[in-house]
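Trainee: Got a minute to go through this one with me?
Mentor: Sure. Put it up and ask away.

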Amino acid sequence: MSDMSKDIQKQTASTVQETERTRTRKVYAPKVDIYETKEAIVMLADMPGIDEQSANVTLEKGVLTIEGTISPDVHKDRTIAYSECDWGDYHRAFTLSDEVNKDKIEASVKNGVLRLVLHKAEPPKAKKIEIRKE
Amino acid sequence: MFEPEIWRFGRALDPWREMQRLQSEVNRLFSGFTQTAGQDYPPINIWMGTDDVVVTAEIPGVDVDKIDISVLGNRLTLSGAREGSELKEGESYHRQERNYGRFSRTVQLPFNVEASKIDAKYDKGVLTITLPRAESDKPKKINIKSE
């Protein structure tokens with residue numbers, strides 16, 4: 001049956017770093033939208049099958065990693081007859097610039113979509129230099 | 001519209017039909033049609049049981065009341081709309097990879113289903129529809145009498 005599966009909708013993750021994963025599952029890169037508002041950068045990632053427990057967002061050394069683990073799609077006493085979306089975990093990483101306030105990142109999950117709000121850091125205040133009169 | 005012919009399984013494969021199917025698939029691939037989003041959206045999996053069939057579809061980020069499921073005989077149609085985020089003045093996209101807009105997809109099921117007993121649930125962006133086989137379409141066991 002595997003020749004009938006077509007993974008046209010999903011893309012495998014390109015940057016699973018150089019390390020290997022312990023589980024031999026497929027890993028997909030979720031499709032994301034990223035847009036910028038005045039105060040924040042908002043990221044939306046399509047990760048069907050995840051909830052707030054199975055999603056994982058980490059920020060380390062300026063690299064934001066989003067991950068999701070999904071439980072296998074098993075239907076008892078039934079056999080798969082046609083498959084387009086193989087199940088697998090999610091992984092994708094982005095580098096963040098300094099303009100993001102790393103202590104203030106909001107994350108939420110709704111209907112399989114992960115939403116991250118990355119607030120921008122306060123712009124450094126201009127330092128006024130006083131001029132003395134000699 | 002491409003429709004999975006799942007009832008093909010279990011039969012001896014007809015080489016002529018296989019060739020035709022391959023040809024149409026290749027034509028479709030190079031026609032550029034596959035690039036239009038919505039053609040094969042949402043992606044589905046079909047699980048076969050003896051008395052029912054389960055269809056799962058990955059449709060993340062859609063409200064339940066925005067999904068329409070309809071069944072006619074052995075044809076299941078999924079339609080709905082995914083709404084995009086509307087950007088305000090001064091906002092701009094860095095990337096936009098997710099698909100938006102209306103979608104509609106019809107698949108052929110291996111048997112007629114009992115439309116009144118269809119069960120559908122939407123959880124974590126995955127739609128799961130359980131379609132029981134119609135009573136009239138179930139295979140009948142015939143007892144053989146010995147004289």
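**Interface and fold**

Mentor: Start with a salt bridge: A:E84 pairs with B:R105, and the closest N and O atoms are 2.6 Å apart. Keep in mind that this is a predicted model.

Trainee: How many salt bridges does the rule find across the interface of chain A and chain B?
Mentor: Seven. There are also 23 residue pairs in polar contact across that interface, both residues at pLDDT 80 or more.

Trainee: Which strands of chain A supply the side that touches chain B?
Mentor: Strand 3 (32-36), strand 4 (40-46), strand 7 (79-83) and strand 8 (89-95) of chain A each give at least two residues to it. By class, that side of chain A has 18 nonpolar, eight polar and 14 charged residues.

Trainee: And how many residues does each chain put into the contact?
Mentor: Chain A puts in 40 residues, chain B 46. Between them the chains bury about 3,700 Å², with 53% of it on carbon and sulfur atoms.

Trainee: Which three residues of chain A supply more of its buried area against chain B than any other three?
Mentor: A:R78, A:Y82 and A:N111. They supply 17% of the area that chain A buries there.

Trainee: Strand 3 of chain A pairs with which strand of chain B?
Mentor: Strand 5, residues 92-96. The pairing is antiparallel, over four bridges. Within it, A:E36 has B:S92 as its bridge partner.

Trainee: Switching to chain B. What's the secondary structure?
Mentor: One helix and eight strands. Along the sequence the pattern reads α-β-β-β-β-β-β-β-β.

Trainee: How much of chain B counts as buried?
Mentor: 34% of its 147 residues. Strand 2 (residues 52-58) of chain B is mostly covered, with seven of its seven residues buried.

Trainee: Which way do the residues of that strand point?
Mentor: B:D52, B:V54, B:T56 and B:E58 go one way, and B:V53, B:V55 and B:A57 go the other. In a regular strand, side chains alternate between the two faces of the sheet.

Trainee: What does strand 2 of chain B pair with?
Mentor: Strand 1 (residues 44-48) of chain B is one partner, antiparallel over five bridges. Those two form a hairpin with three residues between them. Strand 8 (residues 126-132) of chain B is another, also antiparallel, joined to strand 2 by seven bridges.

Trainee: Where does B:A57 sit in those pairings?
Mentor: B:I44 stands opposite B:A57. B:A57 also stands opposite B:L127 in strand 8 of chain B.

Conventions:
Residues are numbered from 1 along each chain as its sequence is written. Chains are lettered from A and ligands numbered from 1 in the order in which they are written. This is a predicted model: local features need pLDDT of at least 70, side-chain atom pairs count only at pLDDT 80 or more; totals for chains, interfaces and linings use all residues. Side-chain values use heavy atoms; hydrogens and water are left out. Contact means heavy atoms within 4.5 Å. Buried area is the accessible area (1.4 Å probe) that two parts lose on being put together, summed over both. A salt bridge is a side-chain nitrogen of Lys or Arg within 4 Å of a carboxyl oxygen of Asp or Glu. A polar contact is a pair of N or O atoms within 3.5 Å; within protein, one must be able to donate a hydrogen and the other to accept it, and residues adjacent in sequence count only if both atoms are side-chain atoms. Ala, Val, Leu, Ile, Met, Phe, Trp, Tyr, Cys and Pro count as nonpolar, Asp, Glu, Lys and Arg as charged, and the others, Gly among them, as polar. Two strands pair if DSSP finds at least two bridges between them. Buried means under 20% relative accessible area, exposed over 50%, partly exposed in between (1.4 Å probe, protein chains only).
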